[in-house]
Amino acid sequence: MRKRVIYSCITLQKELENTIKKLGFVGEVHYLNVALHSDPKKMHETLQRLIDENTEADEIVICVSGCGKATCDLQATTCSLAVPRTMDCIDVLLTGSGIKRPDGAIFITKSWMNFMKNSSVDYAKLVKERGQAEAEAFLKQLYKGFTSFYIIDTGTYDLQEVEAYIMPLVELLQGTLTCLPGPYKVLEKLVSGSYDEGVIVVPKGGTLSIHEFDGLRPCTIKK
C-alpha cells in the first residue's frame, strides 16, 4: 500500500475531515499554521520544506491550491505531489456545484469566520480599539468596491452563526448576503486518489509549473 500524507490549509479542515469520514483515508493528515493562509510566500516556503524533509511518504497530497501562487514552482524532490487545479480555497469548496464563481465578491465559511475574528480587521475588535466612527470609516475604505457577500454552505457548520457574524459588515457596506452550495468535490478526488483533470499530479523529480494553472484568475490576498 502506498504511503500518503496530506498537508492542508486550516480553512479547509472541517470539509477535509468530513470527506475523510465519508471515504476513509489511510495516512497522515497535517494542518498548516493559520498565519500561512494570508502569506503565500511563507506558505510556499513551508510546503517546500515539508516536501524536502519527507522521508517516508510515496505521495504528498497538498490541499492548498494556487492561491497567491503559493504552490507554483513547488518541486517534488522526495515523492510525487497531488494538488487541486483550483485558483484558491474558494474554488476548492465550490467545485461540483455547477455555479460560476461571482466576480468581485467576499466569501466566508465558519473557518474563514474564525480566521477573520483573530485578524486585525475584525469588526468588533476594530470598534473596541478605534471607536465606532473610525472603525467603520476604515472598513469602508478596506472593502471599497466589495458589496456582494457569499456564505459557502458546505454542510459542516451552523450557517446562522456565520450570518450573524458577517451581517454587521454587510449592512455597513450596504451590501447583499447570499448562500451558495459548496460540495467540495475535488477533496473527494484528493482523498480517494481517483484523479482526473481537476487534480495536478507532479511526478517525483518534477516541478509544479505556473502553466498548470493556465486559465485560472490570479488570486489576490488582502492582509
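## Close-up views of a predicted model

**View 1. Strand β4 and its partner β3.** Three bridges, running between parallel strands, join β3 (residues 59-63) to β4. Before we go further, please keep in mind that this is a predicted model. Two of the pairings are worth picking out by residue: Glu59 has Ser80 of β4 as its bridge partner, and Ile60 stands opposite Leu81 in β4. For background, strands of a sheet pair through backbone hydrogen bonds, in either a parallel or an antiparallel way.

**View 2. Strand β4 and its partner β8.** Here β4 meets strand β8 (residues 199-202), and the two run antiparallel with 4 bridges joining them. Leu81 can serve as your landmark: in β8, the residue opposite Leu81 is Val202, while in β3 the residue opposite Leu81 is Ile60.

**View 3. The two faces of β4.** Are the residues of β4 (80-84) buried or exposed? The strand is mostly covered, with 5 of its 5 residues buried. Ser80, Ala82 and Pro84 point one way from the strand, Leu81 and Val83 point the other way, and both sets are buried.

**View 4. The whole sheet.** Stepping back a little, β4 belongs to an open sheet of 5 strands, ordered β2-β1-β3-β4-β8, with mixed pairing. β2 (27-31) and β8 are the edge strands, each pairing on one side only. From one strand to the next, the twist averages 20 degrees.

**View 5. Helix α2 against the sheet.** Helix α2 lies across β1, β3 and β4, and runs at about 165 degrees to β3. How far apart should the ends of α2 be? The helix has 14 residues (40-53), so at 1.5 Å a residue it should span 20 Å, and this agrees with the 20 Å between its end C-alpha atoms. Met43, Thr46, Leu47, Gln48, Leu50 and Ile51 are buried in α2. As a guide to reading such a list, an α-helix has 3.6 residues a turn, so residues three or four places apart point the same way. The cover over the buried residues of α2 includes β1 (4-8), β3 and β4.

**View 6. Arg4, a buried arginine.** Arg4 sits in strand β1. Its relative accessible area is 13%, and because the cut-off for buried is under 20%, Arg4 counts as buried. What does the side chain of Arg4 find there? One of its polar atoms lies 2.7 Å from the backbone oxygen of Leu190, and a polar contact of 2.9 Å joins the side chain of Arg4 to that of Tyr195. Leaving out residues up to four places away in sequence, Arg4 touches a list of residues including Phe25, Val26, Glu59, Val61 and Ser192.

**View 7. Cysteines without a disulfide.** How many disulfides does the structure hold? The count is 0. Cys63 is in no disulfide, and its nearest cysteine sulfur, in Cys89, is 9.1 Å away. Cys63 is also buried, with a relative accessible area of 2%. For Cys179, the closest cysteine sulfur is again that of Cys89, but the 18 Å between the two sulfurs is too far for a bond. Cys179 is partly exposed, at 43% relative accessible area.

**View 8. Two residues with positive phi.** Most residues other than glycine have a negative phi, so this pair may catch your eye on a backbone plot. Asp73 has a phi near 75 degrees and is placed in the loop between β3 and β4. Its relative accessibility is 48%, which makes Asp73 partly exposed. Tyr184 has a phi near 40 degrees and is found in the loop between β7 (176-181) and α8 (185-192). Unlike Asp73, which is partly exposed, Tyr184 is buried, with a relative accessible area of 6%.

**View 9. Thr11 and its contacts.** Thr11 is found in the loop between β1 and α1 (13-23). At 1% relative accessibility, Thr11 counts as buried. Which residues is Thr11 in contact with, leaving aside neighbours within four places in sequence? They are His37, Cys89, Ser111 and Trp112. Cys89 may be familiar by now: its sulfur is the cysteine sulfur nearest to that of Cys63.

Key: Residues numbered from 1 in each chain as written. Predicted model: local features only at pLDDT ≥ 70, side-chain atom pairs only at ≥ 80, totals over all residues. Heavy atoms only, no water. Buried < 20%, exposed > 50% of the residue type's maximum accessible area, 1.4 Å probe, protein only. Pairing = 2+ DSSP bridges. Expected span 1.5 Å × (residues − 1). Contact = heavy atoms within 4.5 Å. Axes fitted to C-alpha atoms, helices over the stretch in contact; angles between N-to-C directions. Polar contact = N/O pair within 3.5 Å; in protein donor to acceptor, adjacent residues only side chain to side chain. Disulfide = S-S within 2.5 Å.
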